[in-house]
2 protein chains.
Amino acid sequence: MASTHNAPLSLDKPLPGFIPGDLAWHLGMILRGHQTLFAEAVAEMPCSVRGYQMLSTVVHHEPANQQALSAHLGIDRTVLTYRIDDLVTAGLVERVPAPTDRRARKIVATEQGVDLLNQLEIRVAAAEQQLLAGLDSTESAQLAALVSKLSMDIHRAQPGANPCEAMDQLD
Amino acid sequence: MASTHNAPLSLDKPLPGFIPGDLAWHLGMILRGHQTLFAEAVAEMPCSVRGYQMLSTVVHHEPANQQALSAHLGIDRTVLTYRIDDLVTAGLVERVPAPTDRRARKIVATEQGVDLLNQLEIRVAAAEQQLLAGLDSTESAQLAALVSKLSMDIHRAQPGANPCEAMDQLD
DNA sequence: AGAATATAGTCTGTACTACAACGTAATTTC
DNA sequence: GAAATTACGTTGTAGTACAGACTATATTCT
């Protein structure tokens with residue numbers, strides 16, 4: 001808390017050459033560009049980007065129940081219900097009753113779901129590369145590190161916004 | 001085109017320690033955190049963040065017509081219509097007929113609009129600072145530079161996604 | 001000049017999405 | 001074992017984006 005980075009918080013120098021609010025504009029631009037490429041890459045996926053993210057989370061993080069999944073993704077749980085329905089209908093995931101708690105359901109990927117994810121991950125990685133094509137590898141790595149650090153900070157700082165305990169169980 | 005940064009595009013090493021799609025997750029997290037703080041900062045503003053961005057763009061970039069404004073903001077023109085209506089109703093901007101083209105309208109801020117923007121910019125800058133509070137000033141500057149560069153690249157690379165000629169007139 | 005085409009902005013209807021509110025079943029607390 | 005809590009699902013509602021049609025002006029072509 002008493003570290004050096006509290007000093008420049010005097011908000012005299014917001015950001016070099018930025019109009020207040022520009023950060024949002026740039027972030028929005030990046031996210032939109034990303035979305036476009038991402039959506040292209042996962043066109044076969046039901047629910048598009050969201051569907052991919054759900055499947056990816058299920059496979060890589062194995063959230064214990066739907067709450068953990070929705071918290072991780074920042075999706076309202078009532079929304080998650082029908083999103084999962086779509087994936088179930090497509091045969092990509094299943095709702096299996098949790099052994100410890102009969103109210104809860106663990107979402108697990110089917111074999112088909114894993115296969116599809118494996119295929120799509122290649123294309124998603126390529127899309128991410130394409131997004132960052134204008135940056136050299138040093139810059140990409142810097143950006144990745146900063147973005148990762150920031151998002152962790154935020155998810156820690158924001159009280160109710162995104163508990164996301166799912167992550168904490170895994171690191 | 002023949003510059004060095006094309007070499008690492010072999011997509012063998014997507015991003016250090018990232019699962020494909022993680023970039024989207026981190027970006028989404030940051031954007032959501034940002035939105036929350038931003039929305040708080042501009043609570044008085046009609047249309048919240050969008051309203052602020054419109055007003056800011058009008059004041060700082062002076063787009064010649066609504067098309068330029070909608071392109072810059074990445075908003076559909078039919079949407080822009082009623083968003084502007086809201087700001088007009090609130091007395092923050094006016095539609096003045098463009099002198100050169102009687103079809104077009106230039107959106108200009110009223111005195112009240114400029115005043116409000118001045119007030120809010122302070123709070124928005126503070127919100128941006130708060131978002132980046134976890135980064136030291138070097139990191140913030142790095143991030144700002146990278147984000148800015150990336151968003152410019154993207155807006156250039158994406159064909160129809162965001163023409164945004166408004167920016168080009170100004171740099 | 002006059003006809004055809006294009007452009008700026010608006011309006012209308014539609015489809016999607018998030019979310020609040022309520023309901024049900026299972027679990028935990030006291 | 002009664003009350004409160006939690007996990008999930010369902011329903012209804014409001015907000016939002018977007019396609020399509022429409023008006024007025026501008027431009028282009030012949």
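1. Helices are DSSP runs of H or I with at least four residues, strands are runs of E with at least two, and both are numbered from the N terminus. By this rule, helix α3 of chain A spans residues 66-73. Just after α3(A), Gly74(A) has a positive phi of about 70°.

2. This is a predicted model, in which local features need pLDDT of at least 70 and side-chain atom pairs count only at pLDDT 80 or more, while totals for chains, interfaces and linings use all residues. Residues are numbered from 1 along each chain as its sequence is written, and chains are lettered from A and ligands numbered from 1 in the order in which they are written.

3. Helix α3(A) is mostly covered, with six of its eight residues buried. A residue is buried if 20 or more other C-beta atoms, placed from the backbone, lie within 10 Å of its own, exposed if 12 or fewer do, and partly exposed in between. The buried residues of α3(A) are Ala68(A), Leu69(A), Ser70(A), Ala71(A), His72(A) and Leu73(A).

4. An unreviewed UniProt entry lists residues 20-152 of chain A as "domain: HTH marR-type". UniProt positions are given in the numbering used here, feature names are shortened, and annotations may be inferred rather than shown by experiment. Over residues 20-152, chain A is 69% helix and 8% strand, and the end C-alpha atoms lie 23 Å apart.

5. The next point is the relation of the two protein copies. Chain A can be laid on chain B with an RMSD of 0.0 Å by a turn of 180° and a shift of 0.0 Å along the axis. The two copies are thus related as by a two-fold rotation axis. The superposition is by least squares on the C-alpha atoms of residues with pLDDT of at least 70 in both copies. Of the residues of chain A, Leu143(A) comes closest to this axis, at 3.4 Å for its C-alpha.

6. Between the chains, 62 residues of chain A are in contact with 61 residues of chain B, contact meaning that the C-beta atoms of two residues, placed from the backbone, lie within 7 Å. On the side of chain A that touches chain B, helices α1 (22-41), α2 (48-61), α5 (111-131) and α6 (137-157) each supply at least two residues. The largest share, 16 residues, comes from α6(A). By class, this side of chain A has 33 nonpolar, 22 polar and seven charged residues. Here Ala, Val, Leu, Ile, Met, Phe, Trp, Tyr, Cys and Pro count as nonpolar, Asp, Glu, Lys and Arg as charged, and the others, Gly among them, as polar.

7. Ile154(B) offers one example from helix α6 (residues 137-157) of chain B. Ile154(B) counts as buried because it has 24 C-beta neighbours inside 10 Å. Apart from neighbours within four places in sequence, Ile154(B) is in contact with Met29(A), Ile30(A), Gly33(A) and Leu131(A).

8. Turning to the DNA, 16 residues surround strand C, and the closest are Arg102(A), Asn65(B), Gln66(B), Thr78(B) and Ala104(B). A residue is near a strand if its C-beta atom, placed from the backbone, lies within 6 Å of it. Helix α4(B) gives the most to this surface, with three residues. The surface near strand C has two nonpolar, six polar and eight charged residues.

9. Around DNA strand D there are 16 residues, of which Asn65(A), Gln66(A), Thr78(A), Ala104(A) and Arg102(B) come nearest. Here α4(A) gives the most, with three residues.
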